[in-house]
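Good morning, colleagues, and thank you for making the time. I should like to take you through one structure, element by element, with the sequence and the coordinates before us.

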Amino acid sequence: MTGISRRKLISTGVGAAAGVSGVAVAARLARRYGLIPPDSGGLYGPGETLTYAAQRFLTRHSMAREFARSQISKQPFPDEVGPLSEKFWRFEERQFVDWRVTVDGLVARPASFSLSELRSFPRRSQITQLACEEGWSYIAEWIGVPLSHILNLVATLPQARYVVYRSIQPDWWDSIDMADALHPQTLVTHAMNGSDLPVAFGGPLRLRVPRQLGYKNIKYLTQLTVTDNLKQFGKGLGSASPEGGYAWYAGI
Amino acid sequence: MAGSVWGATPASAVPATTVRLRHSALVRVTHWIITCSFLALLVTGGAILTSHPRFYWGETGNVLTTPLFTLPIPASRASVPTGYDYVLPDQNGWGRSLHFQSAWVTVLTGLFYVVYGLFQGHFRRNLFPARTDISGSRIFAVITQHLRLTETREERAWSYNVLQRLTYLLVIFILFPLVIWTGLAMSPSMASVFPGAVAILGGQQSARTIHFFVSILLVLFLLVHVGMVCLSGFRNRVLAMITGRMSQEMKGA
């Protein structure tokens, strides 16, 4: 051993030990405060976890930007969805009068709400942007029932951590954490720009999560399930998106 | 600073030997980490871009609105009109995940470099130009020297000229912060926390457009940077950035 090697060795060792224990402490804290996303396992798990943890740290109570009525896009783009199921069109023929959303899982009073019941609930209207992960966007006025109102009606149990939501379309489901589920701008949306939500934009019901990208805003909503563990749903990654390679958390 | 793991030994403090320390460990390690993460950002940025090669100004824009400009490339989405009769495969899943993971690596490494570099005097010693050098005539002289390729390698071997210093400072303190800012401004979640940081750019679509142009500037920097390395002795320069040392007899070769 020559020159500075001993000092260098000791300082490198101390540095490495501090680094490893720092990461271990951070991981433990992140787990404790629910900052680990359900798709944290794979090759990009470190990035997904850093993004989710950092954004949750900053955004727990932040409000999505709301715009002036004059900024509403004259040409909103609905994006394409796969061909809608037979089942969907049967509801559509009857003007969705018997469309229902069931709420189950970790709730004291599981329930099922019809479209007209949902329309009679206290409504919130907001002019927010829908931004797609591809890069395009539009601004619209969205009108609906805050998800938090529905969750209060069914009385979620204290151990609730996520809300899983499903479309009538097969294999189209997603989930959000309670910070987003109870957020005042998260809406079970039934109207857009002053009229009933068009089918192309997700009508009769779409979950709007304006602080996340478009693909978290699932169309043709039929079911809400409150849970403390996402492992039991699909492949356990929190939604159908990570199964197709997309991040569960889509705040960016 | 001599003896510190991260510190460069000032050239003047060392007696003339055949081998001297050109780059500190801080510069070398962060240089190569950011090289890798920047290349990953570039590839994935391009992959993401193919899903919507149209740009807009303001808050919103989509295939139904008039774009500011469209890149003449095929797209990975059938909904985007491109003039090509085929659709590329979707690359956004891994593309986005790797883009953000590489962004984290770049930002954390960059922060470490800037904070430690300030603390260590790296910027003062190697990058801030001497006051006498910041003049039009001095900069013009360096440019003409470059164009005539008359600058001797001797001059360039041990420190940066004023043009290099200003370019590196521009990349480190203007372009990288701007590309990070415009990247974050596209996030609906970050926009909810810092709405002013989006508004000042003119909206989220403006942020996306600026993000694209700053990336182009960074690519131009990369091309010129690699070009200059080739011109001034590729092997020796790259070895200096790996080992920190540059041998005297080789530098004139």
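Let me begin with a turn in chain A. Strands β5(A) and β6(A) form a hairpin with five residues between them. Within that turn, Asp171(A) has a positive phi of about 60 degrees. Please bear in mind throughout that this is a predicted model.

How do the two strands of this hairpin run, and how many bridges join them? Strand β5, residues 162-167 of chain A, is joined to β6(A) by five bridges, and the two run antiparallel. To place one pair on your screens, look for Val164(A), whose bridge partner in β6(A) is Ser175(A).

Strand β6 itself covers residues 173-177 of chain A, and five of its five residues are buried. As a general point, the side chains of a regular strand alternate between the two faces of the sheet. Which residues lie on each side of β6(A)? On one side are Trp173(A), Ser175(A) and Asp177(A), and on the other are Asp174(A) and Ile176(A). All of these are buried, so both faces of the strand are covered, a residue being counted as buried when 20 or more other C-beta atoms lie within 10 Å of its own. Ser175(A), the bridge partner of Val164(A), is thus among the buried residues.

I turn now to a second hairpin in chain A. Here β1(A) is joined to β2(A) through five residues. Strand β1 comprises residues 100-105 and strand β2 residues 111-114; they run antiparallel, with four bridges between them. Val101(A), for instance, has Phe113(A) as its bridge partner in β2(A).

Strand β1(A) has a further pairing. Which strand does β1(A) pair with in the parallel sense? The partner is β10, residues 221-227 of chain A, and the pairing extends over four bridges. In this case Gly105(A) is matched with Val226(A) in β10(A).

Next, the contact between the chains. Chain A contributes 41 residues and chain B contributes 33 residues. On the chain A side, α1 (5-32), α2 (45-59), β3 (124-131) and β4 (137-146) each supply at least two residues. The largest share, eight residues, comes from α2(A). By character, the chain A side that touches chain B divides into 17 nonpolar, 16 polar and eight charged residues.

Let us move to chain B. Chain B has 11 helices and four strands, and buried residues make up 29% of its 253 residues. Of the contacts in chain B with a separation of 6 or more, 63% are between residues 24 or more positions apart.

Chain B is divided into domain 1, residues 38-98, and domain 2, residues 121-253. Taken over C-alpha atoms, the centres of these two domains are 28 Å apart. The contact between them takes 10 residues from domain 1 and 10 residues from domain 2. On the domain 1 side, those residues divide into five nonpolar, four polar and one charged.

I shall finish with helix α1 of chain B, residues 25-49. Its 25 residues reach 35 Å from the first C-alpha to the last, close to the 36 Å expected at 1.5 Å a residue. Which residues of α1(B) are buried? They are Leu26(B), Val27(B), Thr30(B), Ser37(B), Phe38(B), Leu41(B), Thr44(B), Ala47(B) and Leu49(B). What covers them includes α2 (92-120) and α3 (122-127) of chain B.

Thank you for your attention.

Terms used:
Residues are numbered from 1 along each chain as its sequence is written. Chains are lettered from A and ligands numbered from 1 in the order in which they are written. This is a predicted model: local features need pLDDT of at least 70, side-chain atom pairs count only at pLDDT 80 or more; totals for chains, interfaces and linings use all residues. Two strands pair if DSSP finds at least two bridges between them. Two residues are in contact if their C-beta atoms, placed from the backbone, lie within 7 Å. Ala, Val, Leu, Ile, Met, Phe, Trp, Tyr, Cys and Pro count as nonpolar, Asp, Glu, Lys and Arg as charged, and the others, Gly among them, as polar. A residue is buried if 20 or more other C-beta atoms lie within 10 Å of its own, exposed if 12 or fewer, and partly exposed in between; C-beta atoms are placed from the backbone. Domain bounds come from an automatic or database domain assignment. The expected span of a helix is 1.5 Å times one less than its number of residues.
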